[in-house]
Structure formats: structure tokens, C-alpha cells
Amino acid sequence: MIKASHPESAGSSPDEPRPAARRGTRARPLLLGMTLGLLAALIAVVGVALVMRRNRPQLTEAVYQAAVERWDTHGPRSYDLNLELSGNRPGKIHVEVRDGEVTHMTRDDIEPKQRRTWDYWSVPGQLETIRQELEMARDPADSFKSKAVTGMVMWAEFDPQYGYPLVYDRVVLGGDFEVHWRITRFEAMSTETSNPRK
């Protein structure tokens with residue numbers, strides 16, 4: 001004997017898999033949207049990296065060493081420089097060096113109380129930072145303590161006369177550890193005409 005089905009109970013049995021299938025179907029657009037969003041973000045990062053690469057030479061050990069040699073040979077002992085820092089911690093930095101010693105330094109017009117931070121943005125300090133990051137690039141996942149990090153790319157331009165870094169960019173693939181800086185003003189001085197701050 002054939003049992004008549006009741007329209008009001010059709011598809012409402014808790015044993016039927018259809019409602020679950022419908023819930024999964026509703027989740028698909030959300031998952032698809034998230035996937036497309038991540039893909040768009042990845043394309044944007046790669047696009048920025050390609051633009052940067054096209055505009056600036058990728059940093060190599062040989063280029064870095066040549067810049068260090070120029071600075072060691074021709075770099076002035078006294079100079080002022082202004083620098084713009086972007087990335088995770090943007091800011092504007094001013095450094096005054098007299099006879100090889102940082103005598104004044106500000107970040108966003110504020111002088112840091114800890115003098116040990118002053119040397120960081122002198123030319124030797126910048127060159128030392130780049131040297132350390134070249135070493136970190138050999139094993140970036142270990143350097144940044146993150147398995148998500150898959151690589152590290154650096155671009156730099158150095159002054160052809162003195163060797164100081166005109167522009168430096170570091171992008172960590174798979175991590176939010178970007179650093180970008182550029183020197184907007186560099187003025188070499190003779191020690192005879194420059195007076196250190198008291």
C-alpha cells in the first residue's frame with residue numbers, strides 16, 4: 001500500500017540531509033568571496049613589489065659592499081641628513097654628525113632620550129642595518145620566527161659619490177615586516193665650519 005505524503009511535512013524531517021546541504025550552499029559564496037579577497041590582496045602585493053623592482057635595483061651583496069667601500073673611502077666625517085621612514089612605523093628623522101659622532105637626532109621633531117638610538121640613523125648605522133638584513137634574507141623564516149614567511153626581497157640605491165643609501169626597501173613575503181626609507185637631504189660639511197651642539 002502506498003502511503004500518501006503530506007505536503008506540510010515534506011523536507012522537514014530531521015533525518016533528511018537537505019537542510020544541511022542548503023547551509024553548505026549558503027556558505028560557498030562567503031568562502032568564495034574570502035578566497036577572491038585574499039587573491040586580490042596577493043596580486044596587489046606582487047604588483048607593488050614588481051613596480052618597486054622596476055624602479056629600483058634589487059640589492060646584492062656586491063652592490064652593498066661597493067657602497068660601504070665608497071663611504072669608508074669618501075664619506076664625510078661631518079654631515080646633516082633628513083630621512084623619511086615609511087612602512088610599519090613611519091616618521092621623519094633628522095641627524096647631525098660632527099667628526100664621526102652623532103651630536104643631534106630627532107624623530108618627528110622630538111629628540112629621543114636614549115642616545116644609543118641616535119647612531120641607528122647615521123650613515124654607518126643605516127649601512128649596518130642593511131648588512132644585518134642581508135644576513136637575515138638567507139633564512140627569513142628563522143629570522144622572523146614565522147613559518148608563514150617565504151622570502152625576503154630588498155631594493156636599494158646608493159649615492160654614487162659617498163655611498164650612503166639614498167633609498168632602501170625591504171619586503172618580507174608572507175609577513176607584515178616592511179621597511180622603507182629614503183634620504184631627502186644630505187649635506188656634507190667640513191669640520192672647520194661645523195659646530196657641534198652643546
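Mentor: Before we start, a contact here means heavy atoms within 4.5 Å. Bear in mind too that this is a predicted model.

Trainee: Got it. Among contacts in the protein chain with a separation of 6 or more, what share comes from residues 24 or more positions apart?

Mentor: Take the contacts in the chain whose partners have a separation of 6 or more. Within that set, pick out the pairs 24 or more positions apart in sequence. Their share is 52%.

Trainee: In what order do the helices and strands of the protein chain run from the N terminus on?

Mentor: The chain has four helices and six strands to place. Of its 198 residues, 33% count as buried. Reading from the N terminus, the elements go α-α-β-β-β-α-α-β-β-β.

Trainee: Which strands stand at the edges of the sheet?

Mentor: The sheet is open and has six strands, paired antiparallel in the order S3-S2-S1-S6-S5-S4. An edge strand has a single partner, so one side of it is left without a neighbour in the sheet. From one strand to the next, the twist averages 15°. The two at the edges are S3 (101–107) and S4 (151–158).

Trainee: Let's stay with S3. Which residue there is the bridge partner of Arg98?

Mentor: S3 runs antiparallel to S2, residues 91–98, and six bridges join them. Arg98 is one of the residues in that S2 range. Its bridge partner in S3 is Glu101.

Trainee: Thr106 is in S3 as well. Is it buried or exposed?

Mentor: Leaving out neighbours within four places in sequence, Thr106 is in contact with Lys92, Ile93, His94, Glu111 and Pro112. Val95 sits 11 residues away in sequence, at 6.7 Å from C-alpha to C-alpha. The relative accessibility of Thr106 is 11% and the cut-off is under 20%, so Thr106 counts as buried.

Trainee: Asp108 and Asp109 look odd. What is the phi of Asp109?

Mentor: Most residues other than glycine have a negative phi. Asp108, in the loop between S3 and H3, has a positive phi of about 55° although it is not a glycine. Asp109 is in that loop too, and its phi is positive at about 70°.

Trainee: And how accessible is Asp109?

Mentor: Exposed requires over 50% relative accessible area, with partly exposed running from there down to the buried cut-off. Asp108, at 41%, therefore counts as partly exposed. Asp109 is exposed, with a relative accessible area of 75%.

Trainee: Over at the other edge, how many residues of S4 are buried?

Mentor: Helix H2 (residues 61–74) lies across S4, running at about 35° to it, and also across S1 and S6. Helix H3 (residues 123–136) lies across S4 too, along with S1, S5 and S6. S4 is mostly covered, and of its eight residues the number buried is seven.

Trainee: S4 and S5 form a hairpin. Which residue in the turn has a positive phi?

Mentor: Eight bridges join S4 to S5, and the two run antiparallel. In this pairing Ala156 stands opposite Tyr168. The hairpin has six residues between the strands, and the one with a positive phi, about 95°, is Gly163.

Trainee: On to the pockets. Which element gives the most to the lining of the largest pocket?

Mentor: This pocket has a volume of about 320 Å³, and the closest of its 17 lining residues to the centre are Leu85, Arg89, Arg107, Tyr120 and Trp121. The lining divides into seven nonpolar, five polar and five charged residues. S1, S3, H3 and S6 each supply at least two residues. The most, three residues, come from S1.

Trainee: What is the make-up of the lining of the second largest pocket?

Mentor: Its volume is about 170 Å³. Of the 13 residues that line it, the closest to the centre are Trp71, Arg77, Tyr79, Gly100 and Pro124. H2 and S3 each supply at least two. The lining divides into six nonpolar, three polar and four charged.

Trainee: Last one: which residues does Thr129 touch, apart from those up to four places away in sequence?

Mentor: Thr129 is found in helix H3. Its relative accessible area is 7%, so it is buried. Beyond the sequence neighbours, it touches Tyr120 and Trp181.

Notes
Residues are numbered from 1 along each chain as its sequence is written. This is a predicted model: local features need pLDDT of at least 70, side-chain atom pairs count only at pLDDT 80 or more; totals for chains, interfaces and linings use all residues. Side-chain values use heavy atoms; hydrogens and water are left out. Two strands pair if DSSP finds at least two bridges between them. Axes are lines fitted to C-alpha atoms, for helices over the stretch in contact, and angles run from 0 to 180 degrees between N-to-C directions. Buried means under 20% relative accessible area, exposed over 50%, partly exposed in between (1.4 Å probe, protein chains only). On a 1 Å grid over the protein atoms alone, a cavity is a set of points where a 1.4 Å probe fits but cannot get out, and a pocket is an open set with protein on both sides within 12 Å along at least five of seven lines; lining residues have an atom within 4 Å of a point. Grid points are joined across faces, edges and corners, and a volume is the space filled by probe spheres set on the points. Ala, Val, Leu, Ile, Met, Phe, Trp, Tyr, Cys and Pro count as nonpolar, Asp, Glu, Lys and Arg as charged, and the others, Gly among them, as polar.
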